[in-house]
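Hello,

Here is the structure I promised to pass on. Have a look at it first, and my notes follow below.

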Amino acid sequence: MKKSGDKKEVPAISTASLPDVIFMILFFFMVSTTMRDQEVLVRYKLPNATEVQKLEKKNLVSYIHIGVPVTHMQARYGTAPKIQLNDTYKTAKDIGDFIAAERDQLNESDRSQMTTSIKADKDTKMGIITDVKQELRRANALKISYAAIESEGY
Amino acid sequence: MALNKRKTPEVRADSQADIAFLLLIFFLVATTMNTDKGISRVLPPIPPEDVKVEDQKQKERNVLLVFVNGAGQLMVADETMDIRQLKDKAKEFVLNVNDDESLPEKEDEEIEMPDGSKWVYPVSKGVISLQTTRDTGYETYIMVQNELTRVFNEIREDVSMQKFGKPFSELDEAERKVVTTAVPQKISEAEPRKAIKK
């Protein structure tokens, strides 16, 4: 009997520090993440590699996504791998214009530093990648990076 | 006055958690983790049309041909090979420790050190040529690229240890430039086979 009486007297856990905890998590996410700048319309799983380097200046990087269209777009675009530039599916021929547009957004001094990151699904065939590479050469965007996930080796 | 101030009720703090939660959820949804890592490469510029391709022909001993077919099989210098052997083979090719006749030539180059002195290092003239077909898988390609990058990274690491006594990652920019000049990353990414044979 006495015990149950004791139980009743246990005070509720103070929630005064809850906001602080949540704020800490919030700040962690604010610092370690970046804004989503575009909706990715292709599904891709990056290959693994051990010798990856971090891309230094984010504003100098333009992305080319290559992969199978996401499920709700498959009805219209099929399941063959597609190239995504900005927010739409494009073909390799549009890369020249895309690079020119991206280059125009940069400062004159930064243009030589521009990097193109190729984010391609690991099941893609090299044919489409080679087409992209050829177009990039033609557009004189020679610095590229094959996006990969850092792994411990195999 | 003083009485009034004392009567001002405290701002309620219980909703602070809810506000923080809202902000947290907003950031969880609207942002992505920074996972931008990749294998960096510099593509060769397209040669002007009036330059003949023959001019760029390399001596046979200076080229290591790595060919990956559609089934993911690897052929290195006319023999099939497992990807695990590729790194050692390529390293042997680039270093050419015993100055073998069949392995690439080296050319003594004067490299300017950060302190102003000159350093002569035999720079290998070897080029690794990576060829694929159009139906080679991207994953295999990246694995091969990764192995080749590892070759150069390991050699740079060794040179850096010998010359500066510290790993490549701890060098400053000027020292790093010395090492990269001594060990240039010469990986040629040719167009796929079919396009060449045409």
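**One helix of chain B, and its contact with chain A**

On one side of H3(B), B:Arg84 and B:Asp88 are exposed (12 or fewer other C-beta atoms within 10 Å of a residue's own, with C-beta atoms placed from the backbone; 20 or more count as buried, and those in between as partly exposed). The other side holds the buried residues B:Leu86, B:Ala90, B:Phe93 and B:Val94. Seen down the helix axis, these fall within an arc of 90° (taken from the directions from the axis to the C-beta atoms), so they line one face of H3(B).

Before going on: this is a predicted model, in which local features need pLDDT of at least 70 and side-chain atom pairs pLDDT 80 or more, while totals for chains, interfaces and linings use all residues. Residues are numbered from 1 along each chain as its sequence is written, and chains are lettered from A and ligands numbered from 1 in the order in which they are written.

Chain B has six helices and nine strands (DSSP runs, H or I of at least four residues and E of at least two, numbered from the N terminus). The buried residues of H3(B) pack against several of these, including strand E7 (118-124) and helix H4 (138-164). Just after H3(B), B:Asn96 has a positive phi of about 45°.

As for the two chains, 46 residues of chain A are in contact with 41 of chain B (C-beta atoms, placed from the backbone, within 7 Å). E9(A) pairs with strand E2 (residues 37-42) of chain B, antiparallel over five bridges (pairing takes at least two DSSP bridges). There, A:Ala147 stands opposite B:Gly38.

Best wishes
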